[in-house]
Amino acid sequence: MEIKLAISRSGHDKDSIYVIVKEEANMVYLADGNLKPLEKPKKKNRKHIQIIKKLPKEITEVFTQENFRNEEIKRAVKLYQKSIRDARQLS
């Protein structure tokens, strides 16, 4: 299962990080595990997000077929935010 993370680029949730849980023609369904759980994902126009192409290995390892739950989504988002902070501190 390929995991995709995305950053919201417009709307009141601008700069929020989500996991894409479902994709349609021009719409995506996003979950963050907190305000937008898997059971009620946020529907957003594909134009209004930026897909994160390079994910650190530890984030992709969070998900397996059996454990795709809100807890893993929260963990993946936190790990990505931490990797961004770490990269900024190095530069």
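Two residues are in contact here when heavy atoms of theirs lie within 4.5 Å. Keep that in mind as we walk through this structure, which is a predicted model.

Let's start with the sheet. Its 5 strands are laid out in the order 4-3-2-1-5, forming an open sheet with antiparallel pairing. Strand 4 (42-45) and strand 5 (49-52) are the edge strands, each with a pairing partner on one side only. On average, neighbouring strands of this sheet are turned by 45° against each other, direction ignored.

Now follow the pairings one by one. Strand 1, residues 5-8, runs antiparallel to strand 5, and 4 bridges join them. Within that pairing, serine 8 has isoleucine 49 of strand 5 as its bridge partner. Strand 1 also pairs with strand 2, again in the antiparallel sense, over 3 bridges; here alanine 6 stands opposite tyrosine 18 of strand 2. Moving on, strand 2 and strand 3 run antiparallel and are joined by 4 bridges, with valine 19 opposite alanine 31 in strand 3. The link between strand 2 and strand 3 is a hairpin of 3 residues. As you look along these strands, it helps to remember that side chains in a regular strand alternate between the two faces of the sheet.

The loop between strand 1 and strand 2 deserves a pause. Aspartate 13 lies in this loop, and it counts as buried because its relative accessibility is 5%, under the 20% cut-off. What does aspartate 13 touch, leaving aside its neighbours within four places in sequence? The residues in contact with aspartate 13 are Ser8, Tyr18, Lys42 and Lys44. With serine 8 there is a polar contact of 2.9 Å between the two side chains. This is the serine 8 you met earlier, whose bridge partner is isoleucine 49, and Tyr18 is the residue that stands opposite alanine 6.

Aspartate 15 sits in the loop between strand 1 and strand 2 as well. With a relative accessible area of 48%, aspartate 15 is partly exposed, because that value falls between the 20% and 50% limits. Its backbone is worth a look too: phi of aspartate 15 is near 75°, a positive value in a residue other than glycine. For comparison, most residues other than glycine have a negative phi.

Next, turn to helix 2, residues 70-90. Helix 2 lies across strand 1, strand 2 (17-23), strand 3 (27-31) and strand 5, and runs at about 135° to strand 2. Asparagine 70 belongs to this helix. Is asparagine 70 buried or exposed? Asparagine 70 is buried, because its relative accessible area of 13% is under 20%. Beyond its neighbours within four places in sequence, asparagine 70 is in contact with Gly33, Pro37, Leu38 and Glu39.

Lysine 40 is found in the loop between strand 3 and strand 4. Lysine 40 counts as exposed, because its 61% relative accessibility is over 50%. Along the chain, lysine 40 and glutamate 72 are 32 residues apart, and their C-alpha atoms are separated by 16 Å.

Finally, have a look at the rings. Lysine 22 lies over the face of tyrosine 29, at 5.1 Å from the ring centre. As for pairs of aromatic rings with centres within 6.5 Å, the count comes to 0.

Note on methods: Residues numbered from 1 in each chain as written. Predicted model: local features only at pLDDT ≥ 70, side-chain atom pairs only at ≥ 80, totals over all residues. Heavy atoms only, no water. Phe/Tyr/Trp six-rings, centres within 6.5 Å; stacked < 30°, edge-to-face > 60°. Lys NZ or Arg CZ within 6 Å of the ring centre and 35° of its normal. Pairing = 2+ DSSP bridges. Helix = DSSP H or I, 4+ residues; strand = E, 2+ residues; numbered from the N terminus. Axes fitted to C-alpha atoms, helices over the stretch in contact; angles between N-to-C directions. Buried < 20%, exposed > 50% of the residue type's maximum accessible area, 1.4 Å probe, protein only. Polar contact = N/O pair within 3.5 Å; in protein donor to acceptor, adjacent residues only side chain to side chain.
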